[in-house]
Every structure is written in structure tokens, then in C-alpha cells.
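Here are a few exercises on packing and aromatic rings. Grab your viewer and try each task before you read the solution.

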Amino acid sequence: MYTLFITSLLYAMNTITDTIYFSNKKVANTKGQNIEDLIDKIICGRCEEVLKKIPSESVDLVITSPPYNLKNSTGNGMKCGKGGKWSNAALIQGYANYDDCMPHEEYVKWQRECLTEMFRVIKEDGAIFYNHKWRVQNGLLQDRADIVKGFPVRQIIIWKRKGGINFNAGYFLPTYEVIYMIAKPKFKLQPKANRWGDVWEFSQELNNSHPAPFPVALIDRIVSSTSANIILDPFMGSGTTAVVAAGLKRHYIGIEISESYCKLAEERIMRNKEQSEVAKFHLPQLFD
């Protein structure tokens with residue numbers, strides 16, 4: 001029988017009390033566990049293992065961006081780390097606890113397993129906002145259809161970044177990513193939220209030690225466009241989804257494999273209790 005345990009000594013003098021930790025050998029058995037036991041916590045463990053322990057139809061919304069498998073690339077800049085400005089990019093080192101380099105078929109199988117579990121845990125009026133990146137490999141478009149095939153994709157949203165990091169003279173600089181809105185039948189946006197359209201322009205997040213953080217403004221738009229109360233991010237990273245959820249008086253559940261990113265997210269959440277990163281997007285307006 002697998003057992004849940006909470007470690008209070010992991011960070012010594014800097015204990016993070018709201019993080020549930022799973023060892024590499026044991027995974028929490030939450031079968032029959034009340035979802036409230038997981039709310040407003042960061043769970044440190046493997047995404048696909050932890051997701052299987054979350055009760056079905058217990059989450060309102062999933063917002064996430066998995067590792068893109070960028071180092072399994074036909075472009076030598078990312079693969080070998082000698083491609084001009086790639087040498088200064090944080091992603092060239094991969095992520096903490098994960099190098100972002102799998103055989104493509106294995107990566108697709110992993111992501112489909114994760115998406116299957118995400119879809120299981122959302123309610124009948126829930127949705128998944130799954131952010132990914134298209135690319136061309138060996139002359140063929142890799143549009144992630146092999147990952148999302150069979151899931152009810154209702155819409156594709158384009159996130160237009162202001163700039164990028166792939167500086168290759170062979171093609172124009174890629175400045176967009178794709179958000180798949182995978183929705184169950186009863187999912188609806190909040191009134192007037194559809195005015196945003198399906199092309200969103202947000203700058204990349206700066207001053208964040210995570211190599212690929214979500215922009216706060218992007219997550220704020222998604223959460224504010226829904227009535228979701230419990231929001232799950234199974235690739236939590238630096239905690240942006242949790243910060244936005246808490247700032248909008250919603251609840252979050254985060255999953256993250258890296259202990260260092262769990263600590264980073266928890267510290268960021270604590271700072272936001274004093275000064276919210278979300279508040280600036282919701283200032284009172286004299287005229288509406």
C-alpha cells in the first residue's frame with residue numbers, strides 16, 4: 001500500500017509547510033480522499049503518477065504548459081548548445097530534474113497519458129488550457145496533433161510573444177505558441193470573455209529563475225474568463241497558476257517534479273500574500 005507523507009525537514013531552516021512531498025519510491029494514495037485535502041498545495045512528484053490519485057471530476061479547470069521536448073530537435077543550436085544566442089538561453093540547460101530530451105514517440109505517449117488524466121479529473125463543465133509549441137522537424141510540421149488526437153479540442157488560441165530566443169538565419173524568428181482549449185460539453189466562458197478573440201499578445205515573463213515561466217497576464221486572462229474555483233496545474237514550475245488563482249480568490253492544486261521549483265513556487269505564493277502580482281490587472285475603472 002502506498003502512503004502519503006509530508007516532510008518538514010526538506011528545506012531545513014526554510015520549511016515549506018504547504019507542500020506535500022512524495023518520495024521517488026512512494027506515491028500518495030488519494031483514492032477516496034477528499035479533494036479539499038489537496039487544495040492550495042503544491043505536490044512534489046511526477047505529474048502522471050500524482051494525477052492518477054486525484055478524484056475524478058473534482059477540478060474545474062486545468063491550465064498547464066509541459067516541457068516541449070526542445071532538446072530532441074533537428075536544430076543543432078538547441079541540441080548541442082552551440083547555436084549562437086542559444087548558449088545564453090536558460091532552456092539550454094533544461095529544467096531542474098528534467099533535461100527535456102525524450103525520443104519523440106515516448107514523449108507523445110507520456111503527454112497523452114498526462115492529458116488523459118487531466119481530462120478525467122475535470123468536471124462536466126470543466127476545460128483544459130494546454131499550452132504547447134509547434135515546430136518543423138526534418139521538413140515536417142510537428143503541430144502536436146499526435147498528442148491531442150481524440151481529445152475534444154474546442155478552440156486553438158495563439159499566444160503571440162514579443163520576441164523569442166531562436167536566432168537562426170535560416171528562418172524568421174518564431175514568436176508564437178499555441179493553447180489548446182480542450183473542453184467538456186458544459187464548459188462556458190464568463191459573459192463578455194469571448195471579446196478577447198483567439199490571438200493574445202503577452203510579453204514573456206521576466207525576472208523569473210524558471211527557464212520558461214507563464215506570463216502572469218496570460219494566466220489571469222484564462223482564469224478571469226471562467227468561473228472556475230479549483231484550478232490545477234500539473235506542470236506548476238515557478239507557481240504562476242497558483243499565484244493567479246490565489247490572487248483572484250480561487251483555489252489551486254499544483255504538481256511539480258522539482259523540489260527546487262516547489263520551493264520557488266511556495267516562496268512566491270507567500271510573497272503574493274503581501275503584494276499580489278495580479279492586482280494591477282484589476283484596478284478600479286472610472287469608466288467601463
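Buried here means under 20% relative accessible area, exposed over 50%, and partly exposed in between, with a 1.4 Å probe and protein chains only. Helices (H or I, at least four residues) and strands (E, at least two) are DSSP runs, numbered from the N terminus. The model is predicted, so local features need pLDDT of at least 70 and side-chain atom pairs count only at pLDDT 80 or more, while totals for chains, interfaces and linings use all residues. Residues are numbered from 1 along each chain as its sequence is written, and side-chain values use heavy atoms, leaving out hydrogens and water.

**Exercise 1.** Work out which residues of α5 are buried.

*Solution.* Go along the helix and you'll tick off Val216, Ala217, Leu218, Ile219, Asp220, Arg221, Ile222 and Val223. That's eight of the nine residues of α5, so the helix is largely enclosed by the rest of the structure.

**Exercise 2.** Find the element that gives the most to the largest nonpolar core.

*Solution.* Start with the rule: a nonpolar core is a set of buried Ala, Val, Leu, Ile, Met, Phe, Trp, Tyr and Cys residues joined through side-chain atoms within 4.5 Å. The largest one has 33 residues, and Leu61, Ile63, Phe129 and Leu218 have the most contacts inside it. Elements giving two or more residues include β3 (59-64), β4 (122-132) and α5 (216-224). The top contributor is α5, with six residues. A second, separate core of 32 residues includes Tyr130, Val148, Ile230 and Leu232.

**Exercise 3.** Classify the ring pair of Trp110 and Phe235.

*Solution.* Rings of Phe, Tyr and Trp (its six-membered ring) pair if their centres lie within 6.5 Å; planes under 30 degrees apart count as stacked, over 60 as edge-to-face and the rest as tilted. The count comes to six aromatic pairs. For Trp110 and Phe235, the centres are 5.7 Å apart and the planes at 85 degrees, so call it edge-to-face. Trp110 sits in helix α3 (residues 104-121) and Phe235 in the loop between β10 (230-233) and α6, 125 residues apart. Ring pairs also bring in Tyr107, giving a cluster of Tyr107, Trp110 and Phe235.

**Exercise 4.** Now do Tyr130 and Tyr180.

*Solution.* With 6.5 Å centre to centre and 40 degrees between the planes, this pair is tilted. Tyr130 belongs to strand β4 and Tyr180 to strand β8, so the pair ties together parts 50 residues apart in sequence. Check burial too: Tyr130 counts as buried at 0% relative accessibility, and Tyr180 is buried at 3%.
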